[in-house]
Amino acid sequence: MSSSILSAAVQQLAPCAWYIVAGALLAFVATRVVYRRFFHPLAKIPGPFLASVTTLYQAAYNAQYYKKIEQLHQIYGPVVRINPNEVHLSDPENYDKIYYMGTRFGKAPEFYGSFCIPHATFSTPSNEVHKGRRAALNPMFSRKMVLELESIVQDKADKLCKLMAKGLRETKPVDLHHAFRCVSVDVISDYAFDKSYNLMDQPDLGAHFFVMARGIGPAMYTFQSLRWLQPLALKIPPWLAPKLSKPLGTVFALQMEGVNQIEDVRSRMEAGKLDTEARPTIFTELLKPENYPGRPVPSTMELKDECYSILVAAADTTGNAMTTAAYHIMANRDIYDKLRAELFSAFPDPHATLDFLTLERLPYLTGVIKEALRLSFGVIGRLPRVTPEPGVHFNGYYIPPGTTIGMSSWLMHRNPEVFPDPMKFSPERWLDPADFRRLEKHIVPFGRGSRQCVGMPLAYCELYVTLGTFFHRFAGLEVFKTTPHDLEYEDFFSSYHLAGRNWLRAVGPVLEKV
Ligand code: HEM
């Protein structure tokens, strides 16, 4: 009797309870929308209504948001609210006011946190903590160290040439898109662990590694839009993660990659199998107790984040710059001829080993590399920072402290007032020394200031030695079925060519001797 009264009461109450819950939710959402649009400290910053009230606006554009942001600037001007708590700037004069040495703008935690690597130098929000972590990395990436280890790069460039020559002999188009990425990963893995991944030796040119690196992108965007999901997702057992979500599985796979590599270096050091004096590597240095006076050596779980960020930071950025350069050289006879004439005037022997110090003094090759960096963009999307106290003024708008603010190379590098006909690959625009100095101020492929890319000296060495060696060896190469349309990017922080487009491939005449 009493249970039937109870169930009848529940049945009567249930619809009512649902109305209450739905009503409360609606009121919460409505209050939030009204607050964010009309009473939020950024309420006066122009921008689309939806972007001002929800991060789902960004989620709708995802990897193409960087292009949408450009349209928003055309509509709303140089200062645009692109997320409820985020502002984007387009005026190039503002770049050095955010990204400078000793900057007070820290990295935005909600953006960099989405990479799931809290212990990496790259994603550290606090500039103070970053300073210590960066100090440990700097010596391995100094120009001096890069020059000492230049032979690693020359070795990989030579392998690339052998791969190209084999393709020509077999009359098969050679997949330069992956081959250039292999150069970068094979160099950095050698540099990091004294054990190159040798992806260039694999028949698929390490496609699995690049698929893995690309797989992180969707996870990053999901965690940015649905922040509450990240801590829950990271608690999922690693064996279950790939079954539930491919991107999440990728995050775990890259983390395991880091753990395995660091454990391997640690055990080789303990077994005395690594001569860390004769041949220092990034992780032998990061594991040496003498580099942490009065502090414990970081654990494998902490260092795995550094490993993950270094492998991913090096692969696509450098690969994209080489692909961009090679495409435009092969697609433009005039550029190809001028480049080879300059290379042969510096290195008349067709089988010479090309050294970085000579190569970096060649003006035309330097113009080619600057254009490659400009039109591959480095990191194509924004680099979000947190506005410090007491806030700042940009183009007449007050940006309160705590606001996320950012700028992008996509806009900087295509500014027609600085780079007329901006999508034209023109090494010539860099040839006059006065023009060079003026343009140099406006390209930012490596970012600027305290958080500028630590790998920049190595990246330059790779670009000069690989592109110099490759085009010194090969005349008459042609692009195979790739068009500028194929070189467009989506922004997963690293820039990726769109799925389904043609990779850069090359064909050409057989070489007698390589
Ligand atoms: C053409 C090649 C490269 C480009 C265009 C490039 C671009 C960039 C950019 C724009 C940043 C700043 C990111 C930010 O502010 O959030 C960065 C940071 C970083 N890059 Fe690179 N990168 C390149 C090559 C490399 C290489 C070869 C490495 C090798 C390890 C590397 C390692 C890093 C690391 C560790 C950071 C974080 C630095 C810090 O926060 O102190 N990069 N890179």
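This dialogue discusses the ligand shell and two helix pairs of a predicted model.

Student: What kind of model is this, and how are its residues numbered?

Tutor: This is a predicted model, in which local features need pLDDT of at least 70, side-chain atom pairs count only at pLDDT 80 or more, and totals for chains, interfaces and linings use all residues. Residues are numbered from 1 along each chain as its sequence is written, and side-chain values use heavy atoms, with hydrogens and water left out.

Student: How many residues surround the ligand, and which are the closest?

Tutor: A residue is near a molecule if one of its heavy atoms lies within 4 Å of it. Here 27 residues surround the ligand, and Tyr112, His130, Arg134, Arg385 and Cys453 are the closest.

Student: Which polar side-chain atom of His130 or Arg134 should I look for, and how far is it from the ligand?

Tutor: A polar contact with the ligand is a pair of N or O atoms within 3.5 Å. A polar side-chain atom of His130 is 2.6 Å from an oxygen atom of the ligand, and one of Arg134 is 2.7 Å from an oxygen atom of the ligand. For Tyr112, a side-chain N or O atom lies 2.6 Å from a ligand oxygen atom.

Student: Which helix gives the largest share of the shell?

Tutor: Helices are DSSP runs (H or I, at least four residues), numbered from the N terminus. Helix 16 provides the largest share, 5 residues.

Student: How is the shell divided by class?

Tutor: Ala, Val, Leu, Ile, Met, Phe, Trp, Tyr, Cys and Pro count as nonpolar, Asp, Glu, Lys and Arg as charged, and the others, Gly among them, as polar. The shell around the ligand has 16 nonpolar, 7 polar and 4 charged residues.

Student: At what angle do helix 11 and helix 16 pack?

Tutor: Axes are lines fitted to C-alpha atoms, for helices over the stretch in contact, and angles run from 0 to 180 degrees between N-to-C directions. Helix 11 (residues 207–225) packs against helix 16 at about 105°, and their axes are 11 Å apart. The two are therefore roughly perpendicular (65 to 115 degrees). Contact means heavy atoms within 4.5 Å; the residues involved include Phe209 and Phe210 of helix 11 and Tyr308 and Leu311 of helix 16.

Student: How do helix 10 and helix 22 cross?

Tutor: The axes of helix 10 (residues 176–193) and helix 22 (residues 456–473) come within 12 Å and cross at roughly 135°. Helix 10 and helix 22 are therefore oblique to each other (not under 35, over 145, or 65 to 115 degrees).

Terms used. A polar contact is a pair of N or O atoms within 3.5 Å; within protein, one must be able to donate a hydrogen and the other to accept it, and residues adjacent in sequence count only if both atoms are side-chain atoms.
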